[in-house]
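The following exercises guide a new reader through a protein structure. Each task is followed by a solution in steps.

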Amino acid sequence: MKHKDQCSGQVKDWNKRHKEQLIADEVRIRSIQARIKNMISGQSEIISQARIPIVSGVRMQTLNYIVTVTLGGKNMTVIVDTGSDLTWVQCQPCRLCYNQPEPIYDPSYSSSYQNVTCDSDSCKSLQSTTGFKGVCTKEKPSPCYYTVSYGDGSYTRGDLGREQMILGDTNVSDFVFGCGRNNKGLFGAASGLMGLGRSGLSLISQTTDIFGGVFSYCLPPTQGDSSGSLILGGDFSAYKNTTPISYTKLLSSPQLSTFYILNNTGASIGGVPIQSPSFGIGGILIDSGTVISRLPPSLYKAVKTEFLKQFTGYPPAPSFSILDTCFNLSAYDEVNIPTIKMQFEDDVELTVDVTGVFYFVKSDASQVCLALASLTYENEIGILGNYQQRNTRVIYDTVQSKLGLAKESCNFM
């Protein structure tokens with residue numbers, strides 16, 4: 001699994017690109033919070049398993065992570081997103097498509113492609129999956145037209161189709177996906193997006209009979225050519241974790257049923273417990289499509305205060321976009337970084353990997369920022385982003401409604 005920026009070629013102004021992506025990340029948070037507010041007003045036998053490389057998308061001009069799948073016989077590189085549900089790719093004929101290095105998928109050249117009609121159950125489920133009803137025309141039978149809007153202002157519009165998809169070595173027949181004819185936003189140069197949420201149209205729900213409703217990933221750092229893995233299915237022998245897997249339950253909420261939400265019960269910096277009224281209230285959403293974790297204001301303030309107490313003696317640097325705690329570390333060969341830990345229900349603990357503590361604005365370390373940010377309001381739900389999930393095996397069991405965490409040095413080999 002690679003970061004989607006790996007396929008974009010050389011970028012002339014990385015400072016500008018990073019700032020744009022962090023701003024987009026903030027817009028995504030705002031949209032997720034709005035979506036949540038609108039929503040509120042025994043495991044199956046595993047038949048198969050797929051193991052796919054997952055990598056940073058930096059070379060594709062995105063800070064999210066990407067995998068390559070085969071759709072209708074063509075390889076497609078897509079962003080991995082647990083915060084959305086519909087899987088889609090750009091399609092010909094395309095009214096508005098952004099640039100991508102791979103050929104745009106053309107259903108007219110695929111013998112296995114089928115239209116999804118407007119009277120189908122898949123079309124009728126779009127409201128709960130995307131927040132928008134499927135649109136029909138006067139044609140008989142009418143195609144099912146969809147719209148998906150994302151938190152960073154990006155969107156895709158098109159029609160639903162069925163196609164053969166290959167995930168690793170596993171064939172998935174009649175997979176329902178979005179054929180995007182009008183796509184715009186911060187998708188980098190990826191061909192589309194893989195929706196791993198919990199609604200009926202998500203990839204994990206459509207493949208429950210194949211993979212048992214279980215998937216996991218290990219996200220590698222963005223530096224170099226490191227590659228982690230996306231594993232569909234619950235065969236633990238494929239994991240390379242160095243600590244035991246600990247499970248915490250996923251919070252149940254009919255209004256927020258498509259999200260993965262955990263009960264955040266505590267946190268510590270360098271072994272010092274953090275005190276915050278936000279613990280145990282509202283939960284925290286875990287999302288592979290958000291880059292920087294967002295914390296309620298009181299919790300962020302407490303974390304920042306304790307971190308600065310322990311990380312002392314280093315010259316400050318200017319803030320960068322949403323990141324307000326920055327340092328100039330260019331004169332240091334080594335620094336002692338306080339360990340950040342988060343606790344969840346059932347005594348489960350996530351130790352943030354050292355590569356997920358700081359965001360390097362400048363490669364010479366003259367501007368290095370704490371990779372955490374504050375939400376605007378105390379009653380908003382915190383979000384655990386992909387930066388703080390690095391080098392951790394994260395296991396989603398949608399059947400037993402639980403999430404597992406274990407330390408792992410992400411390596412596909």
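## Exercise 1: A partly exposed tyrosine

Tyrosine 247 has a relative accessible area of 22%, and it is partly exposed. The model is a predicted one.

Task. Determine why tyrosine 247 is classed in this way, and which residues it touches.

Solution. Step 1: the class "buried" requires a relative accessible area under 20%, and "exposed" requires one over 50%. Step 2: tyrosine 247 has 22%, so it falls in between and is partly exposed. Step 3: tyrosine 247 is located in strand S13, which covers residues 246-249. Step 4: leaving aside residues up to four places away in sequence, tyrosine 247 touches Phe236, Glu345, Asp346, Val348, Ile395, Lys402, Leu403 and Gly404. Step 5: glycine 404 lies 157 residues away along the chain, yet its C-alpha atom is 4.2 Å from that of tyrosine 247.

## Exercise 2: The sheet of four strands

Task. State the order of the 4 strands in the open sheet and identify which strands stand at its edges.

Solution. Step 1: the order is S16-S15-S20-S21, with antiparallel pairing. Step 2: strand S16 (272-273) and strand S21 (348-351) each have a single partner strand, so one side of each has no neighbour in the sheet. Step 3: strand S15 (residues 264-269) is joined to strand S20 (residues 340-344) over 5 bridges in the antiparallel sense. Step 4: within this sheet, serine 268 is opposite lysine 341 in S20. Step 5: helix H6 (residues 297-310) packs on the sheet and touches S15, S16 and S20. The direction of helix H6 makes about 20° with that of S15.

## Exercise 3: The sheet of three strands

Task. Describe the open sheet of 3 strands and its edges.

Solution. Step 1: the strands follow the order S19-S23-S22, and their pairing is antiparallel. Step 2: strand S19 (326-327) and strand S22 (358-360) are the edge strands, each pairing on one side only. Step 3: S22 and strand S23 (residues 368-370) share 3 bridges in the antiparallel sense. Step 4: phenylalanine 358 has leucine 370, in S23, as its bridge partner.

## Exercise 4: Aromatic pairs

Task. Classify two of the aromatic pairs found in the whole structure.

Solution. Step 1: the search finds 20 aromatic pairs. Step 2: planes over 60 degrees apart count as edge-to-face. Step 3: the ring centres of tyrosine 113 and phenylalanine 177 are 6.2 Å apart with planes at 75°, so this pair is edge-to-face. Step 4: tyrosine 113 is in the loop between strand S5 (88-90) and strand S6 (114-115), while phenylalanine 177 is in strand S9 (residues 170-184), 64 residues apart. Both tyrosine 113 and phenylalanine 177 are buried. Step 5: phenylalanine 311 and phenylalanine 327 have ring centres 4.9 Å apart and planes at 75°, so they too form an edge-to-face pair. Step 6: phenylalanine 311 belongs to the loop between H6 and S19, and phenylalanine 327 to strand S19, 16 residues apart. Step 7: phenylalanine 311 is buried at 2% relative accessibility, and phenylalanine 327 is buried at 5%. Step 8: ring pairs join Phe307, Phe311, Tyr314, Phe327, Tyr332 and Phe358 into a cluster.

## Exercise 5: The whole protein

Task. Determine how the radius of gyration of the protein compares with the globule rule.

Solution. Step 1: the protein contains 6 helices and 27 strands. Step 2: its radius of gyration is 21 Å, close to the 22 Å that the globule rule gives for 413 residues, so the protein is as compact as a globular protein of that length. Step 3: buried residues account for 56% of the 413 residues.

Terms used
Residues are numbered from 1 along each chain as its sequence is written. This is a predicted model: local features need pLDDT of at least 70, side-chain atom pairs count only at pLDDT 80 or more; totals for chains, interfaces and linings use all residues. Side-chain values use heavy atoms; hydrogens and water are left out. Two strands pair if DSSP finds at least two bridges between them. Helices (H or I, at least four residues) and strands (E, at least two) are DSSP runs, numbered from the N terminus. Contact means heavy atoms within 4.5 Å. Axes are lines fitted to C-alpha atoms, for helices over the stretch in contact, and angles run from 0 to 180 degrees between N-to-C directions. Buried means under 20% relative accessible area, exposed over 50%, partly exposed in between (1.4 Å probe, protein chains only). The radius of gyration is taken over C-alpha atoms; the globule rule is 2.2 Å times the number of residues to the power 0.38. Rings of Phe, Tyr and Trp (its six-membered ring) pair if their centres lie within 6.5 Å; planes under 30 degrees apart count as stacked, over 60 as edge-to-face and the rest as tilted.
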